[in-house]
Amino acid sequence: MSNLTQNNSRPPQVGFRLDKRDGKIMGVCGGIANYMEIDPVIVRIAFALGAFFSVGTAGIIYLAIGLIAD
């Protein structure tokens, strides 16, 4: 059975896209998690730790991705 005929699966992704449906703020972490096929919580924790230890640089990167993507 192909991915197109399964009812509960998402269509295969071609590239990076923001995940507005499962996203919390702008969908950046959800989009990264979908692209890398990992749990979004891991990406959210990584961004939170990055924002804390990089004195806000991760927050600027998050905003840039959110504004540029899609």
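**Rings, helices and cut-offs**

Author: Let's start with two neighbours: in this predicted model, Phe 52 and Phe 53 are both exposed.

Reader: What makes a residue "exposed" rather than "buried"?

Author: Exposed means a relative accessible area over 50%, and buried means under 20%. Tyr 35 has 51%, so Tyr 35 counts as exposed.

Reader: Then why is Phe 16 called partly exposed?

Author: The relative accessible area of Phe 16 is 31%. That value falls between the two cut-offs, so partly exposed is the right label. Asp 22, in the segment before helix 1, gets this label too, because its relative accessibility is 37%.

Reader: How many aromatic pairs are there?

Author: The count comes to 3 aromatic pairs. One of them joins Phe 16 and Tyr 35, whose ring centres are 6.4 Å apart.

Reader: How do you know that Phe 16 and Tyr 35 form a pair, and what kind is it?

Author: Ring centres must lie within 6.5 Å, and 6.4 Å passes, so they pair. Their planes stand at 80 degrees, which is over 60, so the pair is edge-to-face.

Reader: What does this pair tie together?

Author: Phe 16 sits in the segment before helix 1 and Tyr 35 in helix 1, so the pair links parts 19 residues apart in sequence.

Reader: And why is the pair of Phe 52 and Phe 53 called edge-to-face?

Author: Try the test again! The centres are 5.0 Å apart, within 6.5 Å, and the planes make 80 degrees, over 60, so this pair is edge-to-face.

Reader: Let's turn to helix 3. How does its reach of 16 Å compare with what is expected?

Author: Helix 3 (residues 57-68) has 12 residues, and from its first C-alpha to its last the reach is close to the 16 Å expected at 1.5 Å a residue.

Reader: Which residues of helix 3 are buried, and how do you know which side they are on?

Author: They are Ala 58, Tyr 62 and Gly 66. Around the axis they cover an arc of only 75 degrees, which puts them on the same side of helix 3. Here is a handy rule: an α-helix has 3.6 residues a turn, so residues three or four places apart point the same way.

Reader: What does that buried side pack against, and what is on the face turned away?

Author: The buried residues of helix 3 pack against helix 1 (28-36) and helix 2 (40-53). The face turned away carries exposed Ile 60, Leu 67 and Ile 68.

Definitions and conventions: Residues are numbered from 1 along each chain as its sequence is written. This is a predicted model: local features need pLDDT of at least 70, side-chain atom pairs count only at pLDDT 80 or more; totals for chains, interfaces and linings use all residues. Side-chain values use heavy atoms; hydrogens and water are left out. Helices (H or I, at least four residues) and strands (E, at least two) are DSSP runs, numbered from the N terminus. The expected span of a helix is 1.5 Å times one less than its number of residues. Buried means under 20% relative accessible area, exposed over 50%, partly exposed in between (1.4 Å probe, protein chains only). The arc is that of the directions from the helix axis to the C-beta atoms. Contact means heavy atoms within 4.5 Å. Rings of Phe, Tyr and Trp (its six-membered ring) pair if their centres lie within 6.5 Å; planes under 30 degrees apart count as stacked, over 60 as edge-to-face and the rest as tilted.
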